[in-house]
Amino acid sequence: EYWQTTDGKDGNSFTFDRARLGVTGTIPYDVSYYFAVDFSRFKTGAGFILDAFASYTRYEWFKVSLGQFKSPLSLEQNTPCQGLHTVYRSKVVDELAGPQRDMGVMVFGGKSDSKFHYYLALMNDYKQGFEDENIGKSIKSRITFSPWEFLQLGGSFGYGITGANSDNEKTRLGGEIQVKYGNFLFQSEYLWADDTGDYTTGGGCDGTPLETHSGGVTRSGYFAQAMYKTSWNLQPVFKFESYDADVSIDNNSETIMTFGLNYFLNDWTRVQVNYRYKAEQALEIPNDQVVIQVQVKF
């Protein structure tokens with residue numbers, strides 16, 4: 001990875017962005033389990049548990065998961081890392097759909113070939129790996145609907161109390177669309193967030209440290225991306241993102257354009273090359289990135 005910095009001291013580094021090992025299986029006949037750990041020390045300084053949950057799956061329209069898992073908010077957040085079309089998730093998803101993983105219980109349902117799926121979770125909505133600091137819980141939900149095979153529409157909603165202060169309320173709304181026709185794929189998502197009391201920024205795929213701020217804020221943003229997989233196992237990708245860290249302030253949005261190329265060596269290995277052009281509306285700063293990732297799954 002190569003990146004620009006505001007002090008003129010640009011950098012580059014070889015890193016393990018993700019180094020994950022997990023186990024999954026089924027206990028006859030209606031219980032499944034999933035456990036995964038990330039061993040990359042470049043972000044956390046130590047290995048940490050990503051997912052650890054069990055699911056009761058007897059009824060297709062009423063399944064239950066209990067443990068630590070991804071929040072059901074957002075299309076891109078619920079796309080696994082090996083399925084992401086760019087190296088990093090969108091900034092609006094990292095900032096507004098988190099925490100990415102959380103402790104709780106979730107009911108969900110829908111057949112694999114069904115036009116409708118739903119997810120409804122009751123979660124701590126606090127820092128991953130920590131006990132909740134209040135008596136309240138947060139609701140996280142998402143529904144998807146496919147009126148035709150090539151089109152999927154969806155929406156997300158979240159509300160709850162976060163942190164040690166009971167005045168910290170958190171509301172999330174989102175909408176999504178996905179169009180898949182042959183080897184062409186288009187995805188877009190919009191997220192709106194309102195926080196009262198303390199709120200957090202940072203976190204997410206790029207390893208930005210999580211920070212807590214005081215005072216309420218309303219934020220919003222969206223992304224849109226399109227790609228086409230050619231017969232040569234090459235997949236060009238273009239992604240446009242816009243994120244407003246405070247909608248009450250004019251000229252405050254940030255845009256990121258990602259020009260990417262994915263090359264699939266086989267079904268288990270791919271190489272991703274991304275150039276991320278970042279443009280701040282108020283004052284542009286030198287913070288562009290070139291990221292090359294080799295991803296192997298087995």
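**Following the salt bridges through the chain**

Let's begin at Lys91, which is partly exposed, with a relative accessible area of 26%. Keep in mind as you look around that this is a predicted model. Which residue does Lys91 pair with in a salt bridge? The partner is Glu254, and the closest N and O atoms of the two are 2.8 Å apart. This pair links distant parts of the chain, as Lys91 belongs to helix H2 (residues 91-96) and Glu254 to strand S17 (residues 253-264), 163 residues apart. Is Glu254 buried or exposed? Its relative accessibility is 14%, so Glu254 counts as buried, because buried means under 20%.

Now for the wider picture: how many salt bridges does the structure hold? There are ten, and a second one to find joins Asp38 and Arg20, with 2.9 Å between the closest N and O atoms. Here Asp38 sits in strand S4 (residues 31-38) and Arg20 in strand S3 (residues 20-27), so the salt bridge ties together parts that are 18 residues apart in sequence. The two ends have their own surroundings. Asp38 is buried, at 2% relative accessible area, whereas Arg20 is partly exposed, at 35%.

Next, look for Asp195 and Arg219, whose side chains meet in a salt bridge at 3.0 Å, N to O. Again distant parts of the chain are linked: Asp195 is in strand S12 (residues 184-196) and Arg219 is in strand S15 (residues 217-228), 24 residues apart. Asp195 and Arg219 are both buried. Salt bridges can also share partners, and in this structure such sharing joins Asp125, Lys140 and Lys170 into one network.

Let's turn to another arginine, Arg101, in strand S7 (residues 101-109). Its relative accessibility is 6%, so Arg101 counts as buried. What does the side chain of Arg101 make a polar contact with? You will find the side chain of Gln100 there, at 2.7 Å.

Our last stop is Lys115, in the loop between S7 and strand S8 (116-123). Which residues is Lys115 in contact with, if you leave aside its neighbours within four places in sequence? They are Thr144, Phe145, Ser146 and Pro147. For a sense of scale, try comparing the position of Lys115 with that of Val247, 132 residues away along the chain: the C-alpha atoms of these two residues are separated by 35 Å.

Note on methods: Residues are numbered from 1 along each chain as its sequence is written. This is a predicted model: local features need pLDDT of at least 70, side-chain atom pairs count only at pLDDT 80 or more; totals for chains, interfaces and linings use all residues. Side-chain values use heavy atoms; hydrogens and water are left out. Helices (H or I, at least four residues) and strands (E, at least two) are DSSP runs, numbered from the N terminus. Buried means under 20% relative accessible area, exposed over 50%, partly exposed in between (1.4 Å probe, protein chains only). A polar contact is a pair of N or O atoms within 3.5 Å; within protein, one must be able to donate a hydrogen and the other to accept it, and residues adjacent in sequence count only if both atoms are side-chain atoms. Contact means heavy atoms within 4.5 Å. A salt bridge is a side-chain nitrogen of Lys or Arg within 4 Å of a carboxyl oxygen of Asp or Glu.
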